[in-house]
Amino acid sequence: MTKKWSHGVTTVSTFPPPGTFTKDARSVARIMASRKVSPKGLGSAIRMIQYFINRSGKDLSASRKRELEKARRILQDKSRRWKAAHKV
């Protein structure tokens, strides 16, 4: 069977530290929002969390998925607030 395109997706510059996705939502959001992990901004962090959720598939427990989705929502709210304050 041929491997999926997503199997080869890796980036050195934006790789989150090991264990990031096992933490609570606030910690995940804080780590992913850092410039070290997401140099292109919050949108990049949101996409990385969503990518992790999608790649985990059935192996991700319901409680872990809820926690990661909560982290994604935290970042989305932060992004909306920033855009509203800066009228982007």
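Let's start at Ala45, which touches Met32, Ala33, Ser38 and Leu75 once residues up to four places away in sequence are set aside; contact here means heavy atoms within 4.5 Å. Keep in mind that this is a predicted model, in which local features need pLDDT of at least 70 and side-chain atom pairs count only at pLDDT 80 or more, while totals for chains, interfaces and linings use all residues. Residues are numbered from 1 along each chain as its sequence is written, and side-chain values use heavy atoms, with hydrogens and water left out.

Ala45 sits in helix α2, helices being DSSP runs of H or I with at least four residues, numbered from the N terminus. Its relative accessibility is 0%, so Ala45 counts as buried (under 20% relative accessible area, with a 1.4 Å probe and protein chains only). Ile31 lies 14 residues from Ala45 in sequence, and their C-alpha atoms are 9.0 Å apart.

From here, look at the largest nonpolar core, a set of buried Ala, Val, Leu, Ile, Met, Phe, Trp, Tyr and Cys residues joined through side-chain atoms within 4.5 Å. It has 17 residues, and those touching the most other members are Phe21, Val28, Met32, Ile49, Leu68, Ala71 and Leu75. Helices α1 (25-33), α2 (42-56) and α3 (62-86) each give two or more residues to this core, and α2 supplies the largest share, with 6 residues. Ile49 is a good place to pause: beyond its neighbours within four places in sequence, Ile49 is in contact with Phe21, Val28, Met32, Leu68, Ala71, Arg72 and Leu75.

How do the helices pack? The axes of α2 and α3 come within 9 Å and cross at roughly 165 degrees; axes are lines fitted to C-alpha atoms over the stretch in contact, and angles run from 0 to 180 degrees between N-to-C directions. That makes α2 roughly antiparallel to α3, a label for angles over 145 degrees. Among the residues making this contact are Ala45, Ile49 and Ile53 of α2 and Leu68, Ala71 and Leu75 of α3.

Turning to α1 and α3, their axes are 8 Å apart and the packing angle is about 50 degrees. These two helices are therefore oblique to each other, as are pairs outside the ranges under 35, 65 to 115 and over 145 degrees. The contact includes Val28 and Met32 of α1, along with Leu68, Ala71 and Leu75 of α3.

Note on methods: Buried means under 20% relative accessible area, exposed over 50%, partly exposed in between (1.4 Å probe, protein chains only).
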